[in-house]
Amino acid sequence: MYFGEMGEQLKAIDAMHKFVWVNLISDMFSKMENAFMFGDLHLFINVINGVMIIHCEDILLLRRCMATYLNIAIHFNTLFASQGFFLIMPTILRCYSQRQTNRLFCQTVEYMCKQFYILHRKPFLLQMCGSIANLIDNNNNDLEINAMKIKAKYFFQLCNAMENMNNMSDPLDILALVDHPKPLKALDLCYRDDPNTFCLLTDVMASCVTVCAFAPDSRRSHQMLLVMHAVLPHFIEHLERETAKQNNAPSAVKHEINVYSTLCVEMKALVNSCEVLARGPTRTFDIVNSETKKTTTQWDQIDNSEMQKETFRRPRDTLLLLCATFIEKAGPRLKELTKLASALEHVKIPELMDHKCHVKLSDVALSLLKVAPYDLNTMGCVGLQNLLSVCKRMGETQQSLA
């Protein structure tokens with residue numbers, strides 16, 4: 001954008017221009033009432049987002065933009081407790097995913113997410129997951145980059161960095177620009193006495209399971225399933241690396257087994273709570289797929305039919321994909337841990353999925369197969385294919401051992 005003759009000068013002028021704009025918007029935010037009509041607020045926030053996209057590696061602009069984000073998260077706490085982070089987190093995490101070589105920028109984003117979590121706790125966490133669920137790129141190849149996507153491995157890296165709440169170094173001294181008592185504390189009185197701790201397993205994964213259990217067939221539940229599927233493989237690999245770093249010491253093996261025990265409980269709770277997804281198509285769904293109604297045009301009827309098929313298919317496919325990935329990744333590792341823990345006392349290897357969970361998953365797969373004769377895309381569901389492949393391999397392994 002700033003290449004060619006006078007490129008550096010143009011970049012400097014543009015940076016000064018954007019700095020003035022950020023200061024103006026920041027001052028406007030500080031003068032607004034907390035009960036400001038939130039309908040137009042996104043127009044002002046998009047100015048800051050645009051500056052972040054273009055100049056996020058400019059330290060002065062980065063510091064000012066991040067301080068503005070913190071100030072509005074505090075000032076408009078009612079909005080940010082429900083939906084405000086949907087306006088800023090996609091931009092921040094896209095920049096984070098694309099600038100992994102800039103360690104100062106990455107540390108700044110990690111510090112900001114820690115502060116957001118301290119201020120808003122679970123609402124921030126759920127909004128962050130929901131805002132990027134459809135933007136996650138599960139391709140780990142760094143040479144294949146989509147500027148609109150967020151690499152799953154970098155999202156996991158951010159969540160893993162947030163676990164270290166003891167390291168609260170502010171590399172750009174952002175809090176100096178925040179008009180609020182320091183250190184920052186939870187804005188909601190419900191969280192005031194909670195410790196400033198963060199755990200990927202008991203916070204991210206457990207929160208996603210809770211949302212799915214509340215409304216398994218909702219759009220928000222589908223977003224949480226996508227986030228869990230993005231994080232789970234990297235989490236399992238991380239556990240294995242941490243144990244290997246300690247040369248498979250008994251304490252490290254025991255810790256990993258304990259983590260798997262919690263993870264298996266969460267996955268079983270997820271599958272058992274998604275009983276709604278095991279049901280077949282409803283009567284309304286069947287009517288939509290029948291002959292065209294006279295009150296609507298044929299094209300509107302086709303669009304409505306495809307939308308209902310997609311709504312029916314997506315959460316079931318994602319759940320099957322998540323469970324297939326869990327069985328495929330965690331199964332071999334648990335076998336290795338069984339060998340490593342053979343000499344340890346009072347250690348019980350957890351069961352991946354019990355009989356009840358396998359029955360539920362088969363019912364979910366069957367509900368998709370019931371739609372397959374009327375919807376060819378259903379047979380192309382990756383989750384359905386992966387689960388059947390995993391079950392087939394498990395059956396062949398057990399048969400060979402017998």
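**Questions about a predicted model**

Biologist: Over which residues does pLDDT stay under 50?

Modeller: This is a predicted model, in which local features need pLDDT (the predictor's confidence in each residue, from 0 to 100) of at least 70, side-chain atom pairs count only at pLDDT 80 or more, and totals for chains, interfaces and linings use all residues. Residues are numbered from 1 along each chain as its sequence is written, and side-chain values use heavy atoms, with hydrogens and water left out. The model has six contacts (heavy atoms within 4.5 Å) beyond four places in sequence for the stretch where pLDDT stays under 50, which is residues 290-296.

Biologist: What pLDDT does the chain average?

Modeller: Across the chain, 91% of the residues score at least 70. The average pLDDT of the chain is 88.

Biologist: How many residues does domain 2 give to its contact with domain 1?

Modeller: The domain assignment, which is automatic or from a database, gives domain 1 as 12-189 and domain 2 as 202-282 + 309-400. Their centres, taken over C-alpha atoms, are separated by 31 Å. Domain 1 brings 18 residues to the contact, and domain 2 brings 15.

Biologist: How do the directions of H2 and H3 relate?

Modeller: Helices here are DSSP runs of H or I with at least four residues, numbered from the N terminus, and their axes are lines fitted to C-alpha atoms over the stretch in contact, with angles from 0 to 180 degrees between N-to-C directions. H2 (residues 41-55) and H3 (residues 59-75) pack with axes 10 Å apart, at an angle of about 150°. Because angles over 145 degrees count as roughly antiparallel, under 35 as roughly parallel, 65 to 115 as roughly perpendicular and the rest as oblique, H2 and H3 are roughly antiparallel.

Biologist: How does H8 lie relative to H10?

Modeller: The axes of H8 (residues 152-162) and H10 (residues 219-245) come within 9 Å and cross at roughly 70°. That angle makes the two helices roughly perpendicular.

Biologist: Which residues of H10 make the contact with H8?

Modeller: From H8, the contact takes Ala 152, Lys 153, Phe 155, Phe 156 and Asn 160. Its partners on H10 are Val 227, Ala 230, Val 231, His 234, Phe 235 and His 238.

Biologist: Which residue follows Lys 182 across a cis peptide bond?

Modeller: The bond has omega near -5°, and the residue after it lies in the loop between H8 and H9 (200-214). That residue is Pro 183.
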